[in-house]
Every structure is written in C-alpha cells, then in structure tokens.
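This text walks through one model, from its aromatic rings to its nonpolar cores, its annotated domain and its cysteines. Please keep the sequence and the coordinates at hand while reading.

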Amino acid sequence: MRPENYHPIEHPASHEYELYFGPNHPGIEGNYALKVRLSGDEIVGVSADGGYLHRGFEKLMEERLWIQNVALVPRICVPDPPPMEQTYAEAVEMLGGLEVPERAKWIRVMILEMSRICGHLFIVGGISATIGQYSNMFWGIADRDRLLDLFEELTGARIYQMFITPGGVRRDVPAGFLDKLSQVLDYLEARLPEYDDLFFNNPVFHRRAEGIGKITQEQALAWGVTGPNLRACGLPFDVRRDDPYLVYEQLDFDLPTEKGGDILARTIVRRSEVIESIKILRQIIQRLPHIKGPIRCPLPNPLAWNIPEGSAYARTEAQKGELAFYVVSSGGPKPWRVHVRGPSSMHAVQVLEKLCLGARIEDIALIMFSLDAC
C-alpha cells in the first residue's frame with residue numbers, strides 16, 4: 001500500500017532512443033559505425049561514422065615516389081585490391097606516355113577477374129552471416145582460399161599482390177598455372193548449385209531480403225550508385241563494356257541485371273557476375289598461351305623517375321563498382337595531388353543512411369552488406 005505522500009516522478013513521453021550500431025558488431029565492416037535513432041525497433045534517424053582506419057591514403061600517396069605507391073594503393077580496399085593497382089597504374093601510364101605490352105594486358109584482366117570472384121564470394125558470405133546462415137559464409141571463405149592460393153603462387157602474396165605496376169606486371173605466368181586456374185573454375189562452377197540450395201534459393205533469405213533496402217533507378221542515378229548495386233536496379237552500366245580498357249573489348253561477357261533494386265536483387269546480381277567472370281577467365285586461359293611478347297615496358301630508374309607535368313583521370317570497374325583515380329603531376333618524383341573516387345564512397349554513407357530510414361533494427365547489417373561498402 002502506497003503512503004499518502006507518494007508522488008511518482010513524471011517523465012516526458014518519448015518513444016525514441018539512440019543506439020550505436022558498431023564498430024564491433026559482426027554486421028559492421030571494419031571500424032565503421034552507425035548512430036541510429038529508433039522508435040521501438042523502427043529506424044527513424046541514422047548518421048554514418050566512418051572511423052579513422054581508412055583515412056589519409058591520398059596524402060600518403062603525395063609523399064611517396066611514383067613507384068612506392070604501388071605498395072600503398074592495394075590497402076585502400078582489402079577484399080578487392082588489384083583494381084586499385086590497375087587504376088593507379090593506368091593514371092601513371094597516361095601521364096608518362098607508357099605503352100603496356102599486349103601480354104601484360106591479358107594477365108592484368110586475369111588478375112582483376114580472379115579478384116572479382118574473390119570479392120563476391122566474400123561479400124555474399126557476409127550477407128548470409130547477417131541472418132545467421134554461417135555455413136554459406138564458411139563455404140565462401142574456403143572457396144575463396146582456392147583462388148588466394150593461386151594468387152600466392154603467381155604473385156608471392158595472398159591479399160596485397162602489388163603485381164600490377166606502371167608499364168605492365170611484375171612477372172609472367174608460371175608453368176602450369178593456367179591449368180590450375182581452370183581446375184579451380186571447374187570446381188566453382190560445380191559448387192554454385194550447392195550455394196543455390198543452401199542460400200540463394202533459401203526461403204528464409206528471400207523473406208528477409210525481398211523488398212528491403214530498395215533503390216529505384218531514379219534514386220540510383222541521383223545518388224551516384226555504381227557497380228552491382230546499380231545493375232540490380234535494372235541499369236546495365238559497366239565501365240568494362242561502356243568505357244573499355246585493357247582487352248575487355250575483345251572478350252565476350254554479359255552484364256547481369258535485376259529489376260528489384262532490393263537486397264535480394266543485389267545479391268543475385270553478384271552470383272550472376274561470378275558466372276560471367278568464370279566465362280572471361282576461360283577465354284583468357286585459351287588466348288594467353290598464344291600471345292607472346294614482354295610483360296612490361298622499359299622504365300627509368302624508379303628512384304629518380306620524374307613523371308611529366310599534367311593530370312590524368314583513370315577509371316575501372318572494380319568488384320564493388322566504379323573506381324577512379326585523379327592524379328596530378330608537377331613534373332617531379334612524386335604525385336602532386338591524388339584523389340581516389342572509391343566505389344563505396346556513396347554506398348557507405350548517403351545511400352546507406354537513406355535506405356535504413358524506415359527499416360527495422362535487424363535489417364541494418366543486411367542492408368549494409370548488400371551494398372558491399374568497403
């Protein structure tokens with residue numbers, strides 16, 4: 001029984017609260033975090049916090065020799081480093097007037113498509129893990145390792161290859177490498193139906209992904225969405241086809257698209273792109289033995305290499321979307337200015353913030369991984 005002088009404290013009526021989602025949550029990539037405002041379990045406000053881990057790459061590049069940056073640029077994106085090497089090398093080649101030998105171009109495309117498969121296996125595993133389907137994640141990591149073994153044999157490194165350099169590549173393909181690559185591709189093709197049964201056709205995944213985090217074509221164009229996220233909205237744009245580089249214009253491949261624009265569509269596009277990368281790699285396996293010649297053009301002493309004054313803008317289609325480097329030379333031994341237009345710059349901040357509004361708290365990690373932000 002309450003005493004007569006009891007007066008309960010009146011609190012202002014509020015159904016909203018704030019929560020930091022990350023950076024140690026398994027659904028967060030790297031040191032990334034979201035400050036989320038919730039009403040019950042519905043997201044009513046969100047702001048992204050990129051952390052400090054991946055800051056300052058451009059200024060670091062401006063303080064290093066042209067050749068030293070070959071070892072720095074792969075670190076910009078750990079799951080898919082070779083496009084960073086290719087785009088930087090292409091910008092330097094444009095500035096320095098370097099002509100990449102034909103054989104080196106084919107080897108570069110081989111490296112890029114192997115890395116594309118690795119990146120897709122990695123992120124599709126992450127998507128499945130956000131809804132508790134860890135078996136698919138373990139499969140993806142284990143199958144990705146088969147390609148990493150080949151990277152190690154070819155380049156001496158599993159993750160940061162530092163293999164694509166201005167003017168070509170560091171070394172030629174070793175004997176028997178193409179046969180091993182063909183065997184891994186056979187294995188991956190045989191595995192895809194098992195991935196379908198476990199994850200891609202799983203009704204639990206479809207219920208969690210269909211209609212969630214949807215992007216319309218108009219929104220995608222307005223927000224600067226690129227890569228698989230754009231093609232999942234039904235827009236078949238790919239730098240490899242629409243602004244071809246290296247030898248992509250000589251290769252036969254399709255651009256998978258989906259119309260849903262949601263998590264499900266983005267995931268299915270990545271599965272389809274694995275098939276197209278396998279198709280490209282098989283063409284390289286057939287053509288490369290018949291392309292003779294050097295693997296790089298002659299370079300001056302890299303420690304005293306002054307690139308002519310000028311600017312260059314190079315872009316490629318990385319696994320996560322369109323990647324571009326804008327490099328300015330003052331005629332010295334180092335870049336004067338560098339700007340990296342990473343494929344995740346839009347996806348990880350404004351797109352993610354917009355897609356999370358109105359979603360539920362359990363959808364945050366799934367939306368984030370479906371955008372494949374690095």
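Across the whole structure, a search turns up 6 aromatic pairs. One ring pair joins Phe199 and Phe205: the ring centres are 4.3 Å apart and the planes meet at 40°, so the pair is tilted. For a pair to count as stacked the planes would have to be under 30 degrees apart, and for edge-to-face over 60. The model is a predicted one, and in it both Phe199 and Phe205 are buried. Through ring pairs, Phe199 and Phe205 form a cluster together with Phe200.

Phe200 also has a charged neighbour, since Arg271 lies over the face of its ring, at 5.9 Å from the ring centre. The cut-off for such a charge is 6 Å. A further arrangement of this kind involves Trp336, where Arg337 lies over the ring face at 4.4 Å from the centre.

Next come the nonpolar cores. The largest of them has 85 residues, and Leu34, Met110, Met114, Ile117, Leu147 and Leu181 have the most contacts inside it. The element that gives the most to this core is helix α3, residues 102-129, with 14 residues. Ile117 shows what such a position touches: apart from neighbours within four places in sequence, Ile117 is in contact with Leu147, Leu185, Leu188, Val274, Ser277, Ile278 and Leu281. A second core is separate and has 25 residues, among them Val70, Ile76, Ala312 and Ala318.

The UniProt record, an unreviewed entry, annotates a domain named "NADH-quinone oxidoreductase subunit D" over residues 131-295 and 306-373. Residues 131-295 are 57% helix and 2% strand, with the end C-alpha atoms 45 Å apart. For residues 306-373, the chain is 31% helix and 37% strand, and 35 Å separates the end C-alpha atoms.

The cysteines remain. How many disulfides does the structure hold? The count is 0. Cys77 has the sulfur of Cys374 as its nearest cysteine sulfur, 3.4 Å away, and is in no disulfide. A disulfide is assigned here when two cysteine sulfur atoms are within 2.5 Å, so a separation of 3.4 Å does not qualify. Cys77 is buried, at a relative accessible area of 5%.

Why is Cys233 without a bond to another cysteine? The closest cysteine sulfur, in Cys356, is 16 Å from the sulfur of Cys233, which is too far for a bond. Cys233 is buried as well, with a relative accessible area of 3%.

How values were computed. Residues numbered from 1 in each chain as written. Predicted model: local features only at pLDDT ≥ 70, side-chain atom pairs only at ≥ 80, totals over all residues. Heavy atoms only, no water. Phe/Tyr/Trp six-rings, centres within 6.5 Å; stacked < 30°, edge-to-face > 60°. Buried < 20%, exposed > 50% of the residue type's maximum accessible area, 1.4 Å probe, protein only. Lys NZ or Arg CZ within 6 Å of the ring centre and 35° of its normal. Core = buried A, V, L, I, M, F, W, Y, C linked by side-chain atoms within 4.5 Å. Helix = DSSP H or I, 4+ residues; strand = E, 2+ residues; numbered from the N terminus. Contact = heavy atoms within 4.5 Å. UniProt positions renumbered as here; feature names shortened; annotations may be inferred.
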